[in-house]
Amino acid sequence: MKLILLGAPGAGKGTVAKLLTAVDGSVQISTGDILRGAVNAGTDLGKEAQGYMNRGDLVPDSLIMGIMEDRLQEPDCEKGFLLDGFPRTIPQAEELKTLLAKLNIELDMAVEIDVPRDVILDRLCTRRTCANGDCQAIYNVKSNPPKVEGICDKCGSPAIQREDETEEAITHRLETYNEKTAPLIGFYKNEGLLMTVTATSSDDVIAAVKAKLSL
Ligand code: AMP
């Protein structure tokens with residue numbers, strides 16, 4: 001399947017994307033994970049992106065489009081992909097449309113995961129992420145804690161609160177979402193590609209996607 005996952009930070013895009021990879025071997029492409037990996041590795045991209053990310057601002061479109069143009073042409077995308085956290089702005093969506101046409105790739109749909117704001121705030125404040133850039137497993141201190149507090153079950157690295165998951169940065173990320181990313185819902189509606197799922201359970205989102213694509 002070839003999907004865009006839309007929704008505010010904390011709506012569950014990453015969790016849904018990981019679950020969907022098991023359905024048909026499509027790959028999850030998370031620009032946030034790619035950028036955090038670059039920050040941890042200390043690459044030029046990471047150095048350029050870090051300040052924006054820590055403040056909860058978006059990284060410039062030009063940096064993101066360079067990453068995506070390369071990533072979408074890697075062989076593992078042939079089975080399908082789940083775009084998680086990209087596009088994030090109307091210019092990114094316009095450029096993605098041009099890029100996909102150039103690569104002769106057709107999207108199935110853009111899935112908007114609609115979750116109430118109080119649930120989102122609670123989730124983001126209690127989320128923990130594995131600090132190992134190659135792992136980045138996600139936990140929640142209330143609903144899905146690691147077996148040993150503060151330690152990733154999968155790789156043994158510290159499971160920490162992200163720098164952009166302080167209350168101040170979260171508030172700013174949600175404002176950025178409303179201003180810059182929410183307009184994509186109208187964009188994909190006009191393209192005839194939008195499916196909105198109002199659900200707080202990832203399993204419900206998966207079921208809706210599978211039903212729509214007859215999987
Ligand atoms: P995420 O893990 O998707 O919440 O992304 C974390 C941070 O990475 C965001 O707050 C942005 O600073 C940056 N980022 C991720 N994806 C994008 C994107 N498509 N465009 C611009 N910035 C992005």
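Ala, Val, Leu, Ile, Met, Phe, Trp, Tyr, Cys and Pro count here as nonpolar, Asp, Glu, Lys and Arg as charged, and the others, Gly among them, as polar. By this scheme, the lining of the second largest pocket divides into five nonpolar, six polar and four charged residues. The model is predicted: local features need pLDDT of at least 70, side-chain atom pairs count only at pLDDT 80 or more, and totals for chains, interfaces and linings use all residues. Numbering starts from 1 along each chain as its sequence is written, and side-chain values use heavy atoms, without hydrogens or water.

A pocket is an open set of points on a 1 Å grid over the protein atoms alone, where a 1.4 Å probe fits, with protein on both sides within 12 Å along at least five of seven lines; lining residues have an atom within 4 Å of a point. The second largest pocket has 15 lining residues. R36, N40, I160, R162 and E163 lie nearest its centre. At least two lining residues come from each of α2 (31-41), α3 (44-55) and β5 (127-130).

Helices are DSSP runs (H or I, at least four residues), as are strands (E, at least two), numbered from the N terminus. The buried residues (under 20% relative accessible area, 1.4 Å probe, protein chains only) of α5 are Q92, A93, L96, L99 and L100. Seen down the helix axis, they fall within an arc of 125° (directions from the axis to the C-beta atoms), so they line one face of α5. On the other side, T98, A101 and K102 are exposed (over 50%). The buried residues of α5 pack (heavy atoms within 4.5 Å) against β1 (2-6), α4 (61-71), β3 (81-84) and α8 (183-190).
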